[in-house]
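Grab your viewer and work through these exercises at your own pace. Each one sets a task and then walks through a solution.

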Amino acid sequence: MINPYLPYEAEVVERIQESSTIFTLRLKFTDDEQHQRYSFAPGQFNMVYLYGVGEVPISIVSDPGDEHCYDHTIRVVGRVTRGLAEVKQGQRVGIRGPFGRGWPLDKAEGRDVLIVTGGLGCAPVVSVINYIISRRDRFGRLTIMQGVKHADDLLWRERYKLWSQMPDTNVIVAADTGGKQWPWRVGPVIAMFDELELVPAATIAMMCGPEGMMHAAIKRLLELGMTDEMLFMSMERNMQCAVGHCGHCQYGGQFVCKDGPVFAYNEIKDIFGKKGF
Ligand SMILES: Cc1cc2nc3c(=O)[nH]c(=O)nc-3n(C[C@H](O)[C@H](O)[C@H](O)COP(=O)(O)OP(=O)(O)OC[C@H]3O[C@@H](n4cnc5c(N)ncnc54)[C@H](O)[C@@H]3O)c2cc1C
Ligand code: FES
């Protein structure tokens, strides 16, 4: 990143409608030099700028090895994301980034990796899943657990099927409410921790999604013998500058934009889940 305050123009190479409220923008910088220079780590995010409307933090979901384009999967929430949903192939947006601290891939190497996500929470981990799958021999067993409230909320069904066919990979998808055509499990995904062949001393966990879900997952994983410093989570807070200056994303003594969004549980356990933080 040359200037962290300056949005660089990127073209929408492809737009994919994932569900009625979720879409993916596949982007490429219009300046070739910027495109070559740009690189990111799984778990980092970009500030996506809709010209004349505003900027929002969005995780990067592609594999860092994919040099052709960078993907953002976005849920329509409010003003900016609603506007981004109208952007068509060939149109341009501004990109600042990448920002933040991503997943601890150095610590994960040689370990079993447990990924626990809820809702669209899986966006920040898609990149790390792709990363592990394309460098399979550097990691131990990969377990992907995804929980959704309703069967209709599940994105990327094909990806879960594909991941479940990969060697040494276990995929557990569960919906609180299933349905006739639902091929996966029914019930809270955390209740399925007991079925895992978890080796606590050899495992690293990466989580994202609703904080209540992560809180419950951490509690159970600690009971199962995992330690604080091997539990990682991606946090979300309102962001403006993304470089630790404006204070909008302050979380206790840290800034989610610069010190996170990925934190080890032992770094935030005194405030995690507490009202007011
Ligand atoms: C590091 C990081 C990564 C993110 N990655 C993604 C991603 O990959 N895909 C994606 O769709 N979204 C992601 N988000 C969330 C996204 O940034 C917000 O949904 C977006 O900023 C909303 O902006 P808006 O202008 O559309 O809505 P606003 O008009 O700003 O907000 C509309 C409503 O949504 C609430 N809201 C705003 N932001 C959030 C939030 N983060 N969580 C819960 N409620 C919120 C507001 O309080 C308000 O009630 C990420 C956020 C962070 C901090
Ligand atoms: S967004 Fe400004 S300090 Fe984090």
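**Exercise 1. Find the partner of Val116 in β8, then describe how the two strands pair.**

Solution. Start with the bridge: Val116 pairs with Met145 in β8. Next, zoom out to the strands. β7 covers residues 112-118 and β8 covers residues 142-150; they run parallel and are joined by six bridges. Keep in mind that this is a predicted model.

**Exercise 2. Place β7 and β8 in their sheet and work out which strands stand at the edges.**

Solution. Write down the order: β10-β9-β8-β7-β11-β12-β15, seven strands in an open sheet with mixed pairing. Now look at the ends. β10 (185-186) and β15 (262-264) each have a single partner strand, so one side of each is left without a neighbour in the sheet.

**Exercise 3. Decide whether Trp156 is buried or exposed, and list what it touches.**

Solution. First locate the residue: Trp156 sits in the loop between β8 and α5 (157-164). Then check its relative accessible area, which is 10%. The cut-off for buried is under 20%, so Trp156 counts as buried. For its contacts, skip residues up to four places away in sequence; that leaves Glu18, Thr73, Cys122, Ala123 and Val126. Take Cys122 as a check on distance: Trp156 and Cys122 are 34 residues apart in sequence, yet their C-alpha atoms lie 9.9 Å apart.

**Exercise 4. Work out how many residues of α4 are buried.**

Solution. Helix α4 spans residues 123-133, and 10 of its 11 residues are buried. Among them are Ala123 and Val126, both of which touch Trp156. Other buried members include Tyr131, Ile132 and Ile133.

**Exercise 5. Explain why β3 is largely enclosed, and trace its neighbours.**

Solution. Count burial first: five of the six residues of β3 (residues 45-50) are buried, so the strand is largely enclosed by the rest of the structure. Now go to one neighbour. β4 (residues 54-59) pairs with β3 in the antiparallel sense over six bridges, and Val48 has Val56 as its bridge partner in β4. Three residues lie between the strands of this hairpin, where Gly52 takes a positive phi near 80°. Then try β6 (residues 92-99): β3 and β6 also run antiparallel, joined by four bridges. Here the bridge partner of Met47 is Arg96.

**Exercise 6. Describe the interface between domain 1 and domain 2.**

Solution. Set the bounds: domain 1 is 8-99 and domain 2 is 105-268. Their centres, taken over C-alpha atoms, are separated by 22 Å. On contacts, 21 residues of domain 1 meet 21 residues of domain 2. The buried area comes to about 1,600 Å², with carbon and sulfur atoms giving 62% of it. Who contributes on the domain 1 side? Pro42, Val61 and Asp63 supply 28% of the area that domain 1 buries against domain 2, more than any other three residues.

Now for the polar side. The domains share one salt bridge. Asp63 turns up again in a salt bridge with Arg135, whose closest N and O atoms are 3.7 Å apart. The polar contact rule finds five residue pairs across the interface. Finally, ask which strands of domain 1 face the other domain: β3, β4, β5 (70-75) and β6 each supply at least two residues of the side that touches domain 2. β4 gives the largest share, three residues.

Notes: Residues numbered from 1 in each chain as written. Chains lettered and ligands numbered in written order. Predicted model: local features only at pLDDT ≥ 70, side-chain atom pairs only at ≥ 80, totals over all residues. Heavy atoms only, no water. Buried < 20%, exposed > 50% of the residue type's maximum accessible area, 1.4 Å probe, protein only. Pairing = 2+ DSSP bridges. Domains from an automatic or database assignment. Contact = heavy atoms within 4.5 Å. Buried area = accessible area lost by both parts, 1.4 Å probe. Salt bridge = Lys/Arg side-chain N within 4 Å of Asp/Glu carboxyl O. Polar contact = N/O pair within 3.5 Å; in protein donor to acceptor, adjacent residues only side chain to side chain.
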